[in-house]
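Here's a quick briefing to read with the model open beside you. Have a look at the fold, then run through the points below.

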Amino acid sequence: EAAAQAAWEGAGEGVPLLQALAEGDAPGLCSEVTQALTTLNIAPLGWSRERPLAHWRAEARRRQTKIARAEPALAERAAALVDAIDALAARWPDVPLGLIHGDFHPDQVWLHHGRVVLFDFDEFTLGDPLEDIAEFAIKLGDEALSRAFISAAAAAMGSRFDADRLRWHLAVQSLLQASRAFIFQREGWRAELALWLARAEREAAALVCGALA
């Protein structure tokens, strides 16, 4: 509704994506999801708020502070990682914007008679489409599925896919997961935090090495 700057979601039904992935053709389903996401990304731009890389640079700093408070032993590593994330963002002064889901993870996707159903658009905005790809890949929780999803995304996006910028987003999303590890005080949260921090460091280090090559 243009007057209220609001959009209403239609009713949806179907099978949760994770259930379908467990029961069916994972590569094919990944391709269907990325095609649906690409359709969203290239839709005509509306009135959503812009969310470029600067948003995540600021958020990374905020998460660094949280990690330092929760696990002081990792404070220096978190600071160094965020410094790298911040410096690497300068490689992309102009990011092609598109409509993005803004909170894209497997629990936000169903399948209904061969149709992909996306929902929960409360963070719907303008931003870098690779942000959605990175968050989804991270939250799949399975390396093989993540690789299949990223490959499908590369095929669906064509020339708009940037492997290095995706890696930057993967570093940021891994950092976010590290900062979330202690929120609910799950058993073993310190080990989980360290694992996610290490993954973020690997993604950032690969970009730094690529820049120096």
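To get the expected span of a helix, take 1.5 Å times one less than its number of residues. Keep that rule handy for the helix notes just below. One thing to bear in mind throughout: this is a predicted model.

**Helix 4: length and sides**

- Helix 4 covers residues 75-88, which makes 14 residues, so at 1.5 Å a residue it should span 20 Å.
- The end C-alpha atoms of helix 4 do sit 20 Å apart, in agreement with that expectation.
- Which residues of helix 4 are buried? They are Ala-78, Leu-81, Val-82, Ile-85 and Leu-88.
- Those buried residues take up an arc of only 130° around the axis, so they lie on the same side of helix 4.
- As a rule, an α-helix has 3.6 residues a turn, so residues three or four places apart point the same way.
- Flip to the other side of helix 4 and you'll find Glu-76 and Ala-87, both exposed.

**Aromatic pairs**

- How many aromatic pairs turn up in a search of the whole structure? The count is five.
- One of them is Phe-104 with Phe-136, a stacked pair with 4.6 Å centre to centre and 25° between the planes.
- Phe-104 is in the loop between strand 3 (98-100) and strand 4 (109-112), while Phe-136 belongs to helix 5 (residues 129-139), so their pairing ties together parts 32 residues apart in sequence.
- Both partners are tucked away: Phe-104 is buried at a relative accessible area of 0%, and Phe-136 is buried at 1%.
- Phe-121 and Phe-124 make an edge-to-face pair, because their planes meet at 85°, and the ring centres are 5.3 Å apart; the cut-off for edge-to-face is over 60 degrees.
- Buried or partly exposed, which is it for Phe-121? Phe-121 counts as partly exposed, at 23% relative accessibility.
- Phe-124 also counts as partly exposed, with 30% relative accessibility.
- Ring pairs also join Phe-104, Phe-136 and Phe-149 into a cluster.

**Asp-120 and its backbone**

- Where does Asp-120 sit? Look in the loop between strand 5 (115-118) and strand 6 (125-127).
- Its phi is near 65°, so to speak a plus sign on a residue other than glycine.
- Asp-120 is partly exposed, with a relative accessible area of 30%.

Methods:
Residues numbered from 1 in each chain as written. Predicted model: local features only at pLDDT ≥ 70, side-chain atom pairs only at ≥ 80, totals over all residues. Heavy atoms only, no water. Phe/Tyr/Trp six-rings, centres within 6.5 Å; stacked < 30°, edge-to-face > 60°. Helix = DSSP H or I, 4+ residues; strand = E, 2+ residues; numbered from the N terminus. Buried < 20%, exposed > 50% of the residue type's maximum accessible area, 1.4 Å probe, protein only. Arc of directions from axis to C-beta.
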